[in-house]
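I sat down with this model today to look at how its parts meet and what fills its interior. My notes follow in the order I looked things up.

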Amino acid sequence: MAIQKVGVAGCGLMGSGIAQTAAQAGFTVVVREVSDDLLKKGLATIEKNLNRLVEKGSLGAPDRDRVMGRVKGTTEIEELADCDIVIEAIVEQLQPKIEFFAQLDRLCPKTAIFASNTSSLSITELSAATRRPDRFLGLHFFNPVPVMKLVEVVRTIATDSAAYEETVAFAGKLGKTPVRTGDRTGFIVNRLLVPYLLDAIRVLQDGLASTVDIDNSMKLGCGYPMGPLTLLDFVGLDTTYYIANVMFDEFREPRFAPPALLKRMVLAGWHGRKSGRGFYDYADPKNPKPVPLTF
Ligand code: 3HC
């Protein structure tokens with residue numbers, strides 16, 4: 001059975017990007033948020049992104065309208081019941097995800113595939129909340145979703161091979177490059193990326209170099225599109241702190257332990273670009289200034 005109708009749970013940063021990507025690839029999409037306000041905000045993000053493409057001339061106005069017409073927003077979980085695949089991108093916490101999947105499981109036919117966009121939680125643990133661990137897997141997208149070409153397709157010891165291959169093929173139809181990985185916290189990308197980001201904070205914390213020089217080193221010395229401290233602000237310091245703690249809990253290796261400075265910044269409410277301040281100050285978002293750290 002080929003996937004035709006795509007459900008997305010959550011229309012935040014990741015969910016709106018996934019819904020947009022699926023609609024642009026020609027799929028019929030139902031995206032569900034928990035409140036009208038959040039739904040409106042998420043749909044407006046999709047519209048804004050598509051308008052930007054129209055302004056740049058890479059999408060025609062009629063195509064934008066067709067893409068938008070393929071996205072149906074709802075606050076009713078029942079509207080996801082006839083989707084061939086449902087991709088969950090709700091809040092990154094275990095209990096709300098478990099409750100969501102348990103409820104969805106009662107609504108959807110046995111044939112539907114369930115996927116989580118979690119970056120750190122165990123896919124196996126989430127799948128155990130349903131009666132379909134064989135049709136349950138991870139689909140981990142990257143921020144910004146419409147731009148980043150990778151999707152990690154995560155299988156557990158219980159995932160059925162046919163369902164897995166069908167989802168790998170689906171990720172390809174989204175215009176992404178799928179990579180295959182097993183269910184270990186952080187999968188491939190965060191397993192490699194998170195220790196690197198935490199090390200960049202340790203370099204700053206140790207007084208070895210300044211924020212700008214650390215970023216320039218990796219940007220100009222290694223060709224990374226963003227330096228590590230800019231990337232941390234982009235991903236969110238709270239998100240990285242959460243992921244690092246989950247990874248440390250799984251592997252018990254010091255390289256995954258969040259540095260004290262990261263914890264202090266999160267406790268101070270410095271969550272990066274979204275809060276207006278992290279390693280940089282975003283008072284003027286087009287011209288971020290490094291925050292002088294006194295510690
Ligand atoms: N939504 C949609 N499109 C966006 C966008 C957004 N939020 N931000 C940028 N774009 C588009 C632009 O429109 C532009 O499109 P074009 O090439 O068709 O003109 C293109 O991306 C490039 O954007 P800009 O020219 O404005 O800026 P840059 O060249 O600096 O690129 C970037 C921006 C793509 C974000 C680039 O800096 C980059 O690749 N950064 C690294 C991002 C990264 O590492 N992401 C992974 C984070 S880890 C993660 O998500 C995992 C999680 O579990 C933590």
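Before counting anything, I fixed my rule: a salt bridge is a side-chain nitrogen of Lys or Arg within 4 Å of a carboxyl oxygen of Asp or Glu. I also noted that this is a predicted model.

**Entry 1: the domains.** I looked up the domain assignment, which gives domain 1 as 5–182 and domain 2 as 191–290. I found their C-alpha centres 27 Å apart.

**Entry 2: the interface.** How many salt bridges does the rule find across the interface of domain 1 and domain 2? I got zero. For polar contacts between domain 1 and domain 2, I got one residue pair, with both residues at pLDDT 80 or more. On the side of domain 1 that touches domain 2, I listed three nonpolar, four polar and one charged residues. I then checked contacts in general: eight residues of domain 1 meet four residues of domain 2. The size of an interface is often given as accessible area lost when the parts come together, so I looked that up too. Between domain 1 and domain 2 about 480 Å² is buried, and carbon and sulfur atoms give 63% of that area.

**Entry 3: the cores.** Next I turned to the largest nonpolar core, which has 35 residues. Which of them touch the most other members? I wrote down Val6, Phe27, Ile85, Ile87, Leu139, Phe141 and Phe170. I followed Phe170 further: leaving aside neighbours within four places in sequence, Phe170 is in contact with Ile3, Val6, Phe27, Ile85, Ile87 and Leu139. Apart from this core I found another, of 25 residues, including Ala200, Leu204, Leu229 and Leu262.

How values were computed. Residues numbered from 1 in each chain as written. Predicted model: local features only at pLDDT ≥ 70, side-chain atom pairs only at ≥ 80, totals over all residues. Heavy atoms only, no water. Domains from an automatic or database assignment. Contact = heavy atoms within 4.5 Å. Buried area = accessible area lost by both parts, 1.4 Å probe. Polar contact = N/O pair within 3.5 Å; in protein donor to acceptor, adjacent residues only side chain to side chain. Nonpolar A, V, L, I, M, F, W, Y, C, P; charged D, E, K, R; others polar. Core = buried A, V, L, I, M, F, W, Y, C linked by side-chain atoms within 4.5 Å. Buried < 20%, exposed > 50% of the residue type's maximum accessible area, 1.4 Å probe, protein only.
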